[in-house]
Amino acid sequence: MGILVHILSRNLFMLTITDQDFLRLVDYVQKNFGIDLSKKKQLITSRLSNSIVTAGFADFSAYVNHIIQSSDKNSIELMLNKLTTNYTYFLREANHFDFLKNTILPRLVKQKKNKVLSIWSAGCSSGEEPYTISMILKDYLGAQAAAWDTRVLATDISQKVLGQAQNAIYEAESLEKIPDRWRTEYFKKLADGRYAVAPHIKSNVIFRTFNLMSPIQFKIKFDVIFCRNVMIYFDQPTKDALVNRFYNATNPGGYLLIGHSESLNKERLAYKYIMPATYQKL
């Protein structure tokens, strides 16, 4: 009983992290995952304290040692999930999807003689973005969809959110922005009120684990790259380097779409600015 009370009492307080351990953790996360935590000391202590205690570490120092020295994938993923926000829903930032439907797809369908559309959802979180793209593709191509290869590549560093994405079951609130027809054609309502993505939409998305700090070495280049609300966690040099890798992985005439709350360094940008949060490789 005494041990239980001790554990519970510790959970009522935030642990403190020394400047040295804070800098060690910031440096490790920056180098390996591109995430800038240099101004997030309060966030780190508030979001990680309970997990550290629950995992049996005596303090932040022991925890940071474990993260850096063990490369324990489960601990690292839990840490990243705690420190970043995976908030999304279907048709989030709808302007991009309008632009995809009204501008990008008409041009690509006219140009693509091989009937292959290559689209990457980079940092796909729990899957709403790539499934939205897949539904737009099916809508636009209609009866011709079967003649096209429109599989969407969807990547994230987190196995947890990728598992949720592959499960493809969503709360009703996540579907509030979509057309009523989509609910009927592209989802199945479950007994508990949630919605499951229809098999023909689900099978059109390929999920892979990928760290955006890694070299981009996929077999194909992309006509469209969605990387929205991901680079908000990166410092400027990390963003510049990632956007350069995206540029090299984009087909001529292809597009990069970023979050509307994000910005790119125009002085170092190879893409051409088209409209807010939308860039093209000319």
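**Arg228 and the seven-stranded sheet**

The side chains of Arg228 and Glu129 are joined by a polar contact of 2.8 Å, a polar contact being a pair of N or O atoms within 3.5 Å in which, within protein, one must be able to donate a hydrogen and the other to accept it, while residues adjacent in sequence count only if both atoms are side-chain atoms. This is a predicted model, in which local features need pLDDT of at least 70 and side-chain atom pairs count only at pLDDT 80 or more, whereas totals for chains, interfaces and linings use all residues. Residues are numbered from 1 along each chain as its sequence is written, and side-chain values use heavy atoms, with hydrogens and water left out.

Surroundings of Arg228

- Arg228 lies in the loop between strand 7 and helix 11; helices (H or I, at least four residues) and strands (E, at least two) are DSSP runs, numbered from the N terminus.
- Arg228 is buried, at a relative accessible area of 8% (buried is under 20%, exposed over 50%, partly exposed in between, with a 1.4 Å probe and protein chains only).
- The side chain of Arg228 also has a polar contact with that of His96, at 3.2 Å.
- Beyond its neighbours within four places in sequence, Arg228 has contacts (heavy atoms within 4.5 Å) that include Arg92, Phe97, Leu257 and Glu262.

Sheet

- An open sheet of seven strands has the order 6-2-1-7-8-10-9, with mixed pairing; two strands pair if DSSP finds at least two bridges between them.
- Strand 6 (205-209) and strand 9 (272-275) are the edge strands, each pairing on one side only.
- Strand 8 (residues 250-258) and strand 10 (residues 278-280) run antiparallel and are joined by three bridges.
- Leu256 is opposite Tyr279 of strand 10.
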